[in-house]
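This report follows side-chain packing and charge pairing through one protein chain. The sequence and the model are shown first, and the reading of individual residues follows.

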Amino acid sequence: MGKFVVKNGKSGLVFNLKAGNGEIILKSQVYASEAACMGGIESIKKNAVIAKLEDQTVENFETVTNPKFEVYTDNAGEFRFRLKARNGEIIAVGQGYKAKPSCLKGIDSIRRNAPDAPIEKIEE
């Protein structure tokens, strides 16, 4: 089972969602307070399950409403995703993947792991 790991970043709190094997499958934005960070985790738990998929890597892709996972290619040609909340705010981003199927597996892993993932706070 996955888990959310919360820690202090350079300018605030950040969290990662880690899969059962310890691999990071999602990184958060920076939050100014613990309450905002916990709210971000709750938003991911809620939105990851209901988010639609918008594949921006295909020609004439269909735009879908939020919440959604957007799959896109970055400047290095890698496949990435971002999770947008109902209000359109980006609440999490994924790592770069060489192959699109791997990126889609990352999204699937978030859908499976996020809803019931416990929260672990690390003091650094």
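Asp74 is buried in this predicted model, because its relative accessible area of 18% falls under the 20% limit that separates buried from partly exposed residues. Asp74 belongs to the loop between β5 and β6, and a polar atom of its side chain lies 3.0 Å from the backbone nitrogen of Ala76.

The strands on either side of that loop carry charged residues that are joined to one another. Glu70 in strand β5 (residues 68-73) and Arg82 in strand β6 (residues 79-84) form a salt bridge, their closest N and O atoms being 2.4 Å apart. This pair links parts of the chain that are 12 residues apart, and both Glu70 and Arg82 are buried. Glu70 also forms a salt bridge with Lys68, where the closest N and O atoms are 3.5 Å apart, and Lys68, like Glu70, is buried. Arg82 has a further partner of another kind, since it lies over the face of Tyr72, at 4.0 Å from the ring centre.

How is Glu54 placed with respect to this group of charges? Glu54, Lys68, Glu70, Arg82 and Lys84 are linked in a network of salt bridges. Glu54 is found in strand β4 (residues 52-55) and counts as buried because its relative accessibility is 2%, under the 20% limit. Its side chain makes a polar contact with the side chain of Lys68 at 2.8 Å. When neighbours within four places in sequence are left aside, the residues in contact with Glu54 are Phe61, Glu62, Thr63, Val64, Lys68, Phe69, Glu70 and Val71, a list that includes two members of the network, Lys68 and Glu70.

A search of the whole structure finds 10 salt bridges. Side chains of opposite charge can pair when their charged atoms come close. The three pairs described individually in this report are set out below.

| Salt bridge | Closest N and O atoms |
|---|---|
| Glu34 and Lys121 | 2.3 Å |
| Glu70 and Arg82 | 2.4 Å |
| Lys68 and Glu70 | 3.5 Å |

The pair of Glu34 and Lys121 lies outside the list of residues in the network. Glu34 is in helix α1 and Lys121 in strand β8 (residues 119-122), so this salt bridge ties together parts that are 87 residues apart in sequence. Glu34 is partly exposed, with a relative accessible area of 40%, and Lys121 is partly exposed as well, at 47%. The C-alpha atoms of Lys121 and Glu54, which are 67 residues apart along the chain, are separated by 32 Å.

Helix α1, which holds Glu34, has 17 residues and reaches 25 Å from its first C-alpha to its last, close to the 24 Å expected at 1.5 Å a residue. Which residues of α1 are buried? They are Cys37, Gly40, Ile41, Ser43, Ile44, Lys45, Asn47 and Ala48. An α-helix has 3.6 residues a turn, so residues three or four places apart point the same way. Several of the buried residues follow such a spacing, including Cys37, Gly40, Ile44 and Ala48.

The aromatic side chains give a separate set of links. A search of the whole structure finds 3 aromatic pairs. In one of them, Phe4 and Phe15 are arranged edge-to-face, with 5.7 Å from centre to centre and 75° between the planes. Phe4 is in strand β1 (residues 3-8) and Phe15 in strand β2 (residues 13-18), so that this pair links parts of the chain 11 residues apart. Phe4 counts as buried at 0% relative accessibility, and Phe15 counts as buried at 0% relative accessibility too. Phe15 has a second ring partner in Tyr31: the ring centres are 5.9 Å apart and the planes are at 15°, so the pair is stacked. Because Phe15 lies in strand β2 and Tyr31 in the loop between β3 (24-27) and α1 (34-50), the pair ties together parts that are 16 residues apart in sequence. Tyr31 counts as buried at 7% relative accessibility. Taken together, Phe4, Phe15 and Tyr31 form one aromatic cluster.

Technical notes
Residues are numbered from 1 along each chain as its sequence is written. This is a predicted model: local features need pLDDT of at least 70, side-chain atom pairs count only at pLDDT 80 or more; totals for chains, interfaces and linings use all residues. Side-chain values use heavy atoms; hydrogens and water are left out. Rings of Phe, Tyr and Trp (its six-membered ring) pair if their centres lie within 6.5 Å; planes under 30 degrees apart count as stacked, over 60 as edge-to-face and the rest as tilted. Helices (H or I, at least four residues) and strands (E, at least two) are DSSP runs, numbered from the N terminus. Buried means under 20% relative accessible area, exposed over 50%, partly exposed in between (1.4 Å probe, protein chains only). A charge sits over a ring if NZ of Lys or CZ of Arg is within 6 Å of the ring centre and within 35 degrees of the ring normal. The expected span of a helix is 1.5 Å times one less than its number of residues. Contact means heavy atoms within 4.5 Å. A polar contact is a pair of N or O atoms within 3.5 Å; within protein, one must be able to donate a hydrogen and the other to accept it, and residues adjacent in sequence count only if both atoms are side-chain atoms. A salt bridge is a side-chain nitrogen of Lys or Arg within 4 Å of a carboxyl oxygen of Asp or Glu.
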